[in-house]
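Please look through the sequence and the 3D view below before reading on. The notes that follow are arranged by topic, so that each can be checked against the picture.

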Amino acid sequence: MDLDILNTLKLTKVATSKIDTFDFENVKFGDKFTDHMLVCEYKNGSWGTLEIKPYAPITLDPSARVFHYGQAIFEGMKTYKEENDDIWMFRPDQNFERFNKSAIRLAMPAIDETRFIGGLKELIKVEKDWVRKGLGNSLYIRPFMIATESGVIASPSNEFLFCILLSPAKSYYAGKIKVQIADYYSRAANGGIGAAKAAGNYSAQFYPTKLAQEAGFNQVIWTDSNHTHLEEAGTMNVFFRINDTLFTAPTSDRILDGVTRKSLIELGESLGYDIKIEPVKVETILEAAKNGSLKEIFGAGTAAVVNQIEGFAYKDNYYQLPEMADEDSYALQLKNALTKLQNKLADDPFNWTVKI
Ligand code: COI
C-alpha cells in the first residue's frame with residue numbers, strides 16, 4: 001500500500017447520518033446506500049486524490065462516453081461483522097484483480113491496489129455501523145468505473161471516475177428460483193466481453209430475462225453460441241449435481257470468473273466432494289433430469305450467495321428437481337460452510353478473510 005495516497009485522502013462527513021431511518025430487518029438488495037461514497041478521478045494519464053464524501057448524485061456532461069458507448073465496469077463484494085465487532089472483507093484481492101482485467105478489456109485504465117483496496121478499507125471504517133452482525137447480514141460493496149470524457153466520438157475516454165458505494169444486504173433472491181435455459185438469446189460471444197464485469201453484459205440480459213420472468217421464471221441460464229452447453233446465469237455461476245458429482249463449466253472468455261464459484265469449488269473439494277470442472281451439455285442435464293440422476297442445480301454469486309434452483313424450463317418442457325432434505329443438499333452444505341467462514345463463525349483455513 002502506498003501510504004502517501006492514503007494520507008492525502010480527503011474526508012468530508014455528513015452532518016447527520018441516515019442510519020436511524022434504515023430498516024435493517026427488511027432489506028431489499030441494492031436499494032439504499034450508506035451515508036458516504038468513495039470517489040477518485042482519472043485525468044491526464046493518472047489517478048488523482050481519493051475522496052470520501054457524502055453519498056450524492058454525480059454531475060456529468062450529457063456527451064460523456066459512458067452514456068453513449070457504455071464504457072463502464074463494476075464489481076460486487078461483501079464485508080461482514082464478527083460478534084466481537086471486527087469487520088472482515090472476503091477475498092478482496094480477487095475482486096481487485098478482476099476489476100483490472102475488466103478495465104483492460106474495456107480500454108480503461110487499471111487502478112492501483114492502494115486506491116481500490118486501501119480506499120475501500122477507509123470507506124468501510126467510516127461506515128462501520130452500517131455493517132450488521134449475524135449470519136445472512138452483510139454490507140454489499142459496489143466499486144465501479146465510468147468513462148466521463150465529453151464528446152461522442154466512438155473511441156475510448158481519456159477521463160474516468162472510480163467510485164465505491166456501500167449498501168446493507170441480505171441475499172439477492174428470497175428463496176428457491178426457477179430458471180429457463182436459453183435456446184435463442186445469448187449473453188456473450190466468443191472473444192467478446194462475457195468474462196468482464198462490464199455494465200453492457202447485464203443490460204444485454206434485461207430483455208430476454210424480462211421475457212423469462214413474464215413466463216414465470218426468475219432467471220435465464222445462458223448457453224454457448226450453439227445453445228448446446230450451459231454456461232452461467234448472469235447474476236450467478238451455476239452448479240449441477242448428478243448423483244453425487246458436482247459439475248460446473250470452466251471459465252472462458254464468455255463466463256465470469258466468479259469469486260463465490262471458485263471459493264465453493266475449493267470448499268467442496270476440502271469437504272471431499274467429487275467436483276468436475278468441465279463443459280456441461282444441455283443434453284446431459286435433460287437426460288439426467290429424465291432418468292432421476294439430476295439431484296440439484298444451484299447458482300453461486302456474491303449477491304446471490306448460494307441459491308437453490310427448484311426447476312428449469314427448456315424449450316416447451318419444465319423439469320422439476322426432486323425435493324431433498326436440507327442436510328443432504330450440497331447447495332445448503334456449501335452455503336453453510338461459506339457463510340460461516342465469511343462471518344468468522346468457522347475457521348478460515350484458506351486465509352480468505354481480510355480484517356479491516
Ligand atoms: C454480484 O453478485 O455482486 C453481482 O455483480 C451480481 C449483480 C448483478 C447483482
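The shell of residues around the ligand takes at least three residues from domain 1 (3–171) and at least three from domain 2 (177–343). This is a predicted model, and the ligand in it sits in the largest pocket.

**The shell around the ligand**
- The residues that surround the ligand are Phe29, Phe74, Gly76, Tyr140, Arg142, Tyr172, Lys197, Tyr202, Thr302 and Ala303.
- When the residues of this shell are sorted by character, six count as nonpolar, two as polar and two as charged.

**Polar contacts of the ligand**
- Tyr140 places a polar side-chain atom 2.6 Å from an oxygen atom of the ligand, and an N or O atom in the side chain of Lys197 is likewise 2.6 Å from an oxygen atom of the ligand.
- Thr302 takes part through its backbone, where a polar atom is 3.3 Å from an oxygen atom of the ligand.
- Taken alone, the ligand would expose 280 Å², and the protein buries 91% of that area.

**The cavity**
- A search of the whole structure for cavities of 30 Å³ or more finds one, and the volume of the largest cavity is about 110 Å³.
- The lining of the largest cavity is made up of 13 residues, and those nearest its centre are Tyr80, Phe90, Thr260, Thr302 and Gln342.
- Thr302 therefore deserves a second look in the picture, as a residue named both around the ligand and in the lining of the largest cavity.

Terms used. Residues numbered from 1 in each chain as written. Predicted model: local features only at pLDDT ≥ 70, side-chain atom pairs only at ≥ 80, totals over all residues. Heavy atoms only, no water. Near = heavy atom within 4 Å. Polar contact = N/O pair within 3.5 Å; in protein donor to acceptor, adjacent residues only side chain to side chain. Areas by Shrake-Rupley, 256 points an atom, 1.4 Å probe, with all protein chains shown as cover. 1 Å grid on protein atoms, 1.4 Å probe; cavity = no way out; pocket = protein on both sides within 12 Å on 5 of 7 lines; lining within 4 Å. Sits in = over half its atoms within 2 Å of the grid points. Nonpolar A, V, L, I, M, F, W, Y, C, P; charged D, E, K, R; others polar. Domains from an automatic or database assignment. Points joined across faces, edges and corners; volume = space filled by probe spheres on them.
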